[in-house]
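Biologist: I would like a close look at one part of this protein, namely a sheet and whatever packs on it. Could you start there, strand by strand, and then carry the description on to other places in the chain?

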Amino acid sequence: EYVQTLGCAVTIVPVDRVGLVDPDDVRRAITPRTRLISIMHSNNEIGTLQPIQELARIAREHGVLMHADAAQSLGKVVVDVEELGVDFLTIAGHKLYAPKGIGGLYIHRGVYLPVFMHGAGQENNRRAGTENVPYIVALGKAAELAELALPDATTKLKDLRDRLENRLRERLGTRFVVNGHPDLRLPNTLNGSFLGKIGSELLEAIPGIAASTGAACHEGHFIVSPIFVALGLSEEIGRGAVRLSVGRFTTEDEIDNAARLLIEGELGA
C-alpha cells in the first residue's frame, strides 16, 4: 500500500481457500515492468506454507527479485536461503525467543538495496542509526539454539499441535473447523473456528489461555481478518476463529489443560 503512494503499480495475487498461492497465477501476473515478488514464507494466522522455491524459480526466469517474509517460520521449520533461492528474507527475533525489537534482513550477495534511512553509514550505508549490539547478539544466539533444536523441534511442535487439534475435534465434532492447509502449515500453529461462537468472547471467558482471534470488535461490529476475507470463508468462520500456538517449551499437560478449557468454554460448561 505504501509503494502505491509512490506511484508503483501493485498486483495482488489471490489465494485458495487454504491460503495457498498458485504459482501459475504469479507467472501470469508478471509483466515486463515487474521488479519484485513479495510473499510470506508462512502465514501468521493460519500457518500455511507457500511454495517459495517454485516461486523463486519463476522470479529468476523473468529477472524479477524475490522477497520472502519468514518471521513466523524461523525456529519451527528449516529455512535455508540458498535452498529457497530468494534475494531477500526477513525475520523477527521475538518469534524464535530473541528479545522483541530486533530483526534481520538477508540480502543476496550482489543485490543492490538503496539507503532507506539516511544519516550516518551504519549497516554498510544501508540503514543509519547506532546498532543495538546486545539485541543483535541475542538474535544470533537465539538463531543458533533454534538451529540446534531442529529438526526435533518440528516433530515435537507438530505432535503437540495435533494433540490439541485431536482433543478439540473429538469433543466438539463439526462445531470445530480447522483453517488453513491440512498438511502444508507450520507445525506449531492451529487456527480453528468455533462455529456459533465469537472467538474474542470465547477467549475472554478463558483467562488461562492467551491466543489471537480472526475478528476484531469495533463499535459493536465485528471486522473479520483480511486473511479470512482473502480465503473466501464465511463470516461465521472468521468470527469464530482462534489462533492457538505451541512453543518449544510447551508440555503435554498444558495442551490437555488448554483443550479442556476451550471445550468447556465452547460448551458453556
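Modeller: The model is a predicted one, and a good place to enter it is the pair formed by strand 1 and strand 2, where strand 2 covers residues 65–69 and the two strands run parallel, joined by 5 bridges. Within this pair, L36 stands opposite L65 of strand 2. Helix 3, which spans residues 52–61, packs on the sheet and touches both strand 1 and strand 2, and its direction makes about 160 degrees with that of strand 2. As a general point, the strands of a sheet pair through backbone hydrogen bonds, and the pairing may be parallel or antiparallel.

Stepping back to the whole of this sheet, we find an open arrangement of 4 strands in the order 1-2-3-4, with mixed pairing. Strand 1 (36–40) and strand 4 (103–107) are the edge strands, since each of them pairs on one side only. If direction is ignored, neighbouring strands of this sheet are turned by 15 degrees against each other on average.

There is another open sheet of 4 strands, and here the order is 5-6-10-7 and the pairing is antiparallel. Its edges are formed by strand 5 (176–179) and strand 7 (212–213), each of which pairs on one side only. Strand 5 is joined by 4 bridges to strand 6, which covers residues 189–194, and these two strands run antiparallel. In this pair, N179 stands opposite N191 of strand 6. Helix 7, made of residues 152–172, lies across strand 5, strand 6 and strand 10 (241–245), and it runs at about 15 degrees to strand 6.

From here we can turn to single residues, beginning with E266, which has its place in helix 11 (residues 252–267). E266 has a relative accessible area of 5%, and because buried means under 20%, this residue counts as buried. Leaving aside residues up to four places away in sequence, E266 touches L172, R175, F194, L195, K197 and L202.

A second residue to look at is G238, which is found in helix 10 (residues 235–239). The relative accessibility of G238 is 0%, so this glycine also counts as buried. When residues up to four places away in sequence are not counted, G238 touches G214, A215, V224 and F228. G238 and L168 are 70 residues apart along the chain, and their C-alpha atoms are separated by 18 Å.

For a residue outside the helices and strands, consider N132, which is found in the loop between helix 5 (122–125) and helix 6 (133–149). At 35% relative accessibility, N132 counts as partly exposed. Although N132 and I102 are 30 residues apart in sequence, they are 8.2 Å apart in space, taken from C-alpha to C-alpha.

Finally, we can move to the surface, where Y2, V3, L6, V10 and I12 form a nonpolar patch that has about 530 Å² of accessible area together. One of these residues, Y2, is found in helix 1, which consists of residues 2–5. Y2 has a relative accessible area of 59%, and because exposed means over 50%, this tyrosine counts as exposed. Taken side by side, these places show how differently residues can be placed: E266 and G238 are buried, N132 is partly exposed, and Y2 is exposed.

Technical notes
Residues numbered from 1 in each chain as written. Predicted model: local features only at pLDDT ≥ 70, side-chain atom pairs only at ≥ 80, totals over all residues. Heavy atoms only, no water. Pairing = 2+ DSSP bridges. Axes fitted to C-alpha atoms, helices over the stretch in contact; angles between N-to-C directions. Contact = heavy atoms within 4.5 Å. Buried < 20%, exposed > 50% of the residue type's maximum accessible area, 1.4 Å probe, protein only. Patch = residues over 30% accessible without salt bridge, like charges linked within 9 Å, V, L, I, M, F, W, Y side chains within 5 Å. Areas by Shrake-Rupley, 256 points an atom, 1.4 Å probe, with all protein chains shown as cover. Salt bridge = Lys/Arg side-chain N within 4 Å of Asp/Glu carboxyl O.
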